[in-house]
Amino acid sequence: LDLRTEHTLFQLHHMKTDRDAALKESKQLQDAAAKVLRDHETFEEQVEGLKRKQAGCAKERMLQEKKVKKLQGEKDKKSPPMVRAKEESMRLTKRIRTGEKELSELEGKAEVVRQRVESLNRELKGIDKARKKLEADARSYYQQHTRRAGANLNSREVQEEYAQIKLQVAEKTAKLASERDTLSTRKKASEDALQQAEAGLEALRSRSQSLRAQAAEARERASAATQAAAAARRDHKARTSERAKIEDQLRKSSSEREFVTKKLEEVEARLQDARSDRKAAGREKKHKEALDALKRMYPSSVYGRLHELGDVMQRQYHLALTVAMGRDQDSVFVDNERTARDAITYLKDQKVPSMTFVPLATCKVKMINERLRSLRGTARLAVDMVQPIRPEMARAFQYAFGNTLVCDGVEEAQDLAFNRGERHKVVSKDGTLFNKAGYITGGSAGNLEERARRWDEKVVDDLKAQREELASRLRALASPGELRERMAAITSELLEL
């Protein structure tokens with residue numbers, strides 16, 4: 001009957017253990033589900049924020065497109081003067097070409113008239129020559145007749161003969177005289193036409209020079225307008241590029257400001273949760289100041305208090321680990337005994353209350369029982385629940401914890417401490433201590449919780465450093481108002497271009 005009862009109790013014990021484990025797992029799942037819901041709500045808020053931001057970006061894009069259209073209209077308004085200058089230049093060039101063609105034609109006509117005048121002059125010269133020859137023949141004949149007739153030139157016979165000869169000469173020269181008069185008339189007309197052609201040619205030359213001067217002036221105006229347009233385009237491009245850079249800087253600055261502000265709020269919340277602003281008083285304050293001074297004097301020899309040498313991987317076990325390490329939590333670990341003696345001398349000189357110094361080189365450390373790492377349930381070695389800041393600091397935690405176990409529940413801790421055939425030092429998560437000697441320590445944990453919060457001091461220091469860094473980043477960011485004012489000024493300049 002005793003064996004069956006013991007067996008039944010044994011089964012009930014394990015059933016209770018399994019039930020506790022199941023309840024714990026259920027609570028963990030509930031916590032995980034609650035966290036997932038919180039994360040989901042956070043993500044929903046982020047999505048809503050991104051949607052609002054997207055709507056703002058779309059509105060900004062529409063505004064920028066309107067500005068671009070307005071700038072294009074301004075540009076089109078300024079383009080006609082240059083277009084008119086180009087058209088005027090083309091018109092003048094066309095007129096110059098037409099004038100040059102007319103000038104060439106008139107020069108050809110003038111050359112024809114000159115040739116005709118020269119031909120008429122040659123014909124007139126021939127007629128004059130024939131007339132002179134005929135007059136010479138007449139004089140010669142008259143002289144011969146005078147010699148034959150004697151000196152009586154006024155005789156009737158001579159006069160009649162002279163009249164007859166003169167009539168014959170007149171008859172013979174009448175045709176030539178008519179031709180000469182015709183040629184003279186034609187010569188006069190050709191000379192007048194030549195003068196008119198030369199006057200027209202001179203006028204065309206003057207007009208050509210004037211048109212060339214106007215064309216040169218138009219080309220200069222077109223070149224100046226082109227250069228002004230090119231300068232305006234370069235200025236417009238530079239202003240547009242600068243505005244794009246400012247917009248990108250504003251976008252990045254806003255995103256960075258939002259991120260830094262959010263991180264800063266998170267750090268502030270964590271600092272508030274950790275009660276980082278509480279003031280240490282009396283003995284604890286003096287100890288902390290003295291320890292800081294010793295760290296400055298012996299930076300490579302004074303390591304710090306135990307809770308400063310590592311990080312607890314799960315914050316819920318802070319109280320249990322504080323109870324497990326006992327008075328060693330306030331002990332200061334140094335490299336050797338000489339450093340410990342120098343530190344004690346410093347405390348005496350500065351009249352600081354006594355502190356315990358543990359030399360890592362000579363402190364006695366218990367060997368870890370590897371079998372305890374494979375126990376069922378929630379039991380874990382306390383030394384395995386702390387992550388040392390450096391590998392050599394693991395010896396300090398091994399010194400303080402030894403083979404102490406940490407469990408979630410009080411009943412499991414009691415069972416491990418006394419009912420497994422071998423006694424162990426066990427601490428439950430709520431701070432209840434089961435010593436191998438058989439006594440149990442527990443109750444109100446006010447002072448212990450205050451001591452447990454010392455694990456957070458390193459985290460708090462890191463959070464304060466993060467807060468300062470984030471605040472510096474926030475101060476270094478460009479002011480959104482200044483960026484928007486600069487962007488508005490550039491937009492105004494673009495409209496004036």
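Me: In what order do the strands of the open sheet of 5 strands stand?
Reply: The model is predicted. In this sheet the pairing is mixed. Read across the open sheet, the order of its 5 strands is β5-β7-β8-β9-β10.

Me: Which strands stand at the edges of that sheet?
Reply: A strand at the edge has a single partner strand, so one side of that strand is left without a neighbour in the sheet. This applies to residues 380–381 and to residues 440–441. The edge strands are therefore β5 and β10.

Me: Which residue in β10 stands opposite F434?
Reply: Strand β9 covers residues 433–434. It is joined to β10 by 2 bridges, and the two strands run antiparallel. Opposite F434, in β10, stands I440.

Me: Which helix packs on this sheet, touching β7, β8 and β9?
Reply: The strands touched include β7 (405–407) and β8 (426–428). The direction of the helix makes about 150° with that of β8. The helix spans residues 318–325 and is α4.

Me: Is G438 buried, partly exposed or exposed?
Reply: G438 lies in the loop between β9 and β10. Buried means under 20% relative accessible area and exposed means over 50%. G438 has 35% relative accessibility, so it counts as partly exposed.

Me: Which residues does G438 touch, not counting those up to four places away in sequence?
Reply: Q414 is 24 residues from G438 in sequence, and their C-alpha atoms are 10.0 Å apart. A contact requires heavy atoms within 4.5 Å. With residues up to four places away left out, G438 touches F418 and R423.

Me: What is the order of the open sheet of 3 strands?
Reply: The pairing in this sheet is mixed. Its edge strands, each pairing on one side only, are β1 (302–305) and β4 (357–359). The twist averages 25° from one strand to the next. The order is β1-β3-β4.

Me: Which residue in β4 is the bridge partner of V334?
Reply: Strand β3 covers residues 332–334. It pairs with β4 in the parallel sense over 3 bridges. In β4, the bridge partner of V334 is P359.

Me: What angle does the direction of helix α5 make with that of β4?
Reply: Helix α5 covers residues 337–349 and packs on the sheet. It touches β1, β3 and β4. The angle between its direction and that of β4 is about 165°.

Me: What is the value of phi of K351?
Reply: K351 is in the loop between α5 and β4. With a relative accessible area of 72%, this residue is exposed. Most residues other than glycine have a negative phi. K351 has a positive value, near 55°.

Me: Which residues form a nonpolar patch on the surface with L12?
Reply: L12 is in helix α1, which runs over residues 2–149. At 47% relative accessibility, it counts as partly exposed. The patch has about 320 Å² of accessible area together. L12 forms it with L9 and M15.

Me: What percentage of the residues in the protein is buried?
Reply: The protein has 497 residues, and its secondary structure comes to 10 helices and 10 strands. Its accessible surface is about 33,200 Å², with 52% belonging to carbon and sulfur atoms. The buried residues make up 28%.

Key:
Residues are numbered from 1 along each chain as its sequence is written. This is a predicted model: local features need pLDDT of at least 70, side-chain atom pairs count only at pLDDT 80 or more; totals for chains, interfaces and linings use all residues. Side-chain values use heavy atoms; hydrogens and water are left out. Patches are made of residues with over 30% relative accessible area and no salt bridge: like charges are joined within 9 Å, nonpolar side chains (Val, Leu, Ile, Met, Phe, Trp, Tyr) within 5 Å. Accessible areas come from the Shrake-Rupley method with a 1.4 Å probe; for residues, only the protein chains shown count as cover. A salt bridge is a side-chain nitrogen of Lys or Arg within 4 Å of a carboxyl oxygen of Asp or Glu. Helices (H or I, at least four residues) and strands (E, at least two) are DSSP runs, numbered from the N terminus. Buried means under 20% relative accessible area, exposed over 50%, partly exposed in between (1.4 Å probe, protein chains only). Two strands pair if DSSP finds at least two bridges between them. Axes are lines fitted to C-alpha atoms, for helices over the stretch in contact, and angles run from 0 to 180 degrees between N-to-C directions.
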